[in-house]
Amino acid sequence: MSHSALNSFDDFYQLLADSLAKNSLIKLLLSKYRGADKSLQRITIRPISLQNEPMLSFVYQHQTNHITKNLSYDEGLASIKLLLGSDFKSAHLATAEAEVQLEISKKGKVQISTHNVKQTVAAPLEHDREKKRFVDIERPFLTKLGVTDSQHNLIPAMSRKWKQINKFIEVFSQALEASPHKNDQPINVVDFGSGKGYLTFAIHDYLRHSLHNDAQVTGVELRQALADLCNETAATLDHQGLSFVCGDVRTHAPKQTDVMIALHACDIATDYAIHYGIRANADIIMCSPCCHKQIRPQMHSPELFKPMLQYGVHMGQQAEMVTDSLRALFLEANGYATKVFEFISLEHTNKNKMILAVKKPQQNQKDSAAILAQIADIKAYYGIKEHCLETLLAQTQAD
């Protein structure tokens with residue numbers, strides 16, 4: 001179709017379909033959203049190759065996060081036809097031969113302008129290789145745990161867990177590089193709340209298979225049945241150096257620990273986990289807090305903030321921020337370099353924050369005193385009388 005002959009939405013749609021057929025599509029951007037989802041801003045659509053199949057990647061750009069959906073060409077074209085005109089009033093199509101702008105007025109009138117260009121079209125993006133995978137998808141433990149099938153294909157319902165596993169190992173590998181632990185020494189890992197063992201198996205496999213480290217990994221799980229199941233799986237797969245025990249962070253006696261992990265530990269269980277890591281002189285402490293019940297009822301809202309904090313969700317977010325900031329500062333005061341960041345995108349889980357602490361080579365007592373003074377100021381400002389981690393640390397010092 002001649003670009004100069006574009007007069008209607010159907011013409012535009014046909015040009016899009018033709019560009020896909022000729023492998024000349026570069027990008028389609030849908031904007032001026034007028035639908036019900038007030039957070040959605042635009043959709044960017046590009047051709048990709050997924051498991052050697054041509055697909056269209058839809059990136060839904062919201063105010064706070066992006067969501068990606070991959071569709072076949074036929075499904076993608078049908079979806080675009082529904083979206084454009086009903087929810088989106090503007091589209092910018094970039095092909096190897098032209099850039100085409102479509103605008104739909106409030107009265108539904110279509111205007112199309114075309115600018116002829118010559119652009120080089122890259123081969124469709126190999127979507128499976130966009131990100132480095134730190135875990136080989138063909139590893140047997142993934143099949144045994146139900147993440148992949150017998151042909152090592154990812155089970156669709158486990159895609160979020162697969163992303164979480166890779167992100168976790170990526171964060172861990174970076175922390176290990178920054179830690180004082182020597183690579184030729186066996187690593188001792190304790191994972192509290194190990195559950196079904198997805199991440200526990202992954203970290204053991206990464207250490208033993210990828211780094212060839214004679215690691216000892218222990219999963220600590222409150223439910224005896226899950227601990228027994230994971231031990232049976234580890235024995236079946238001959239994962240030497242991997243074991244699971246029944247217990248929790250309060251009952252598991254501290255021992256030589258290089259890496260302490262506690263993901264989604266509820267409320268003060270996170271404080272007990274951090275305390276365990278500090279007592280064990282762990283090189284790496286990885287926590288993903290779940291809820292923040294202890295600090296919230298203690299907090300007094302400053303008068304200036306009361307109009308904002310009258311909304312429960314904002315009060316909860318403030319309590320979360322203050323609680324985890326204090327935890328990070330206590331770790332800093334005890335000789336750790338600490339980061340607080342989003343671990344997994346909110347599209348995968350709402351429990352997405354991680355506190356990552358890596359032991360510093362040396363502890364500066366003056367710095368520690370200054371940080372403790374900052375903690376005292378924050379507590380005084382919000383009227384906080386008790387913080388579980390502070391109490392635990394004080395008890396340890398007294399002992």
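Thr-270 sits in helix H7 of this predicted model. With a relative accessibility of just 1%, Thr-270 counts as buried, because anything under 20% falls in that class. Leaving out residues up to four places away in sequence, Thr-270 touches Ala-265, Cys-287, Pro-289, Cys-290 and Arg-327. Two names from this corner of the structure, helix H7 and Arg-327, come back below.

Helix H7 covers residues 269–279, and it packs against helix H11, residues 388–398. The two axes are 9 Å apart and make an angle of about 35°. As for the sense of the crossing, H7 passes H11 in a right-handed way. On the H7 side, the contact is made by Asp-271, Tyr-272, Ile-274, His-275, Ile-278 and Arg-279. On the H11 side, Cys-388, Leu-389, Leu-392, Leu-393 and Thr-396 do the job. Sorted by character, the residues of this contact come out as 7 nonpolar, 2 polar and 2 charged.

Asp-271 of H7 also takes part in a salt bridge, its side chain meeting that of Arg-327 with N and O 2.8 Å apart. Arg-327 belongs to helix H9 (residues 312–333) and Asp-271 to helix H7, so this pair ties together parts that are 56 residues apart in sequence. How buried or exposed are the two partners, Arg-327 and Asp-271? Arg-327 has a relative accessibility of 1% and so counts as buried. Asp-271 is buried too, again with a relative accessible area of 1%.

Across the whole structure, a search turns up 11 salt bridges. One of them links Glu-303 and Lys-306, whose closest N and O atoms are 3.3 Å apart. Here the setting is less hidden: Glu-303 counts as exposed at 61% relative accessibility, while Lys-306 is partly exposed at 40%.

Another salt bridge joins Lys-353 to Glu-320, with 3.2 Å between the closest N and O atoms. Lys-353 lies in strand E15 and Glu-320 in helix H9, so the pair ties together parts that are 33 residues apart in sequence. Lys-353 has a relative accessible area of 18%, which means that it still falls under the 20% limit and is buried. Glu-320, at 27%, is partly exposed. Through shared partners, salt bridges join Asp-271, Glu-320, Asp-324, Arg-327 and Lys-353 into one network.

Next come the nonpolar parts of the model. In soluble globular proteins, nonpolar side chains tend to be buried together. The largest nonpolar core here has 40 residues, and those with the most contacts inside it are Phe-168, Phe-172, Ile-203, Leu-207 and Met-286. Several elements give two or more residues to this core: helices H3 (140–144), H4 (159–178), H5 (198–210) and H6 (224–236), along with strands E11 (242–246), E12 (259–263), E13 (284–288) and E15 (353–359). Which element supplies the largest share of the core? That is H4, with 8 residues.

Ile-203 gives a closer view of this core. Setting aside neighbours within four places in sequence, Ile-203 is in contact with Phe-168, Ile-169, Phe-172, Val-189, Val-217 and Ile-261. There is also a second, separate core, made of 33 residues, and among them are Val-249, Ala-262, Ile-295 and Leu-326.

Methods
Residues are numbered from 1 along each chain as its sequence is written. This is a predicted model: local features need pLDDT of at least 70, side-chain atom pairs count only at pLDDT 80 or more; totals for chains, interfaces and linings use all residues. Side-chain values use heavy atoms; hydrogens and water are left out. A nonpolar core is a set of buried Ala, Val, Leu, Ile, Met, Phe, Trp, Tyr and Cys residues joined through side-chain atoms within 4.5 Å. Buried means under 20% relative accessible area, exposed over 50%, partly exposed in between (1.4 Å probe, protein chains only). Helices (H or I, at least four residues) and strands (E, at least two) are DSSP runs, numbered from the N terminus. Contact means heavy atoms within 4.5 Å. Axes are lines fitted to C-alpha atoms, for helices over the stretch in contact, and angles run from 0 to 180 degrees between N-to-C directions. A crossing is left-handed if the near helix is turned anticlockwise from the far one by less than a right angle, and right-handed if clockwise. Ala, Val, Leu, Ile, Met, Phe, Trp, Tyr, Cys and Pro count as nonpolar, Asp, Glu, Lys and Arg as charged, and the others, Gly among them, as polar. A salt bridge is a side-chain nitrogen of Lys or Arg within 4 Å of a carboxyl oxygen of Asp or Glu.
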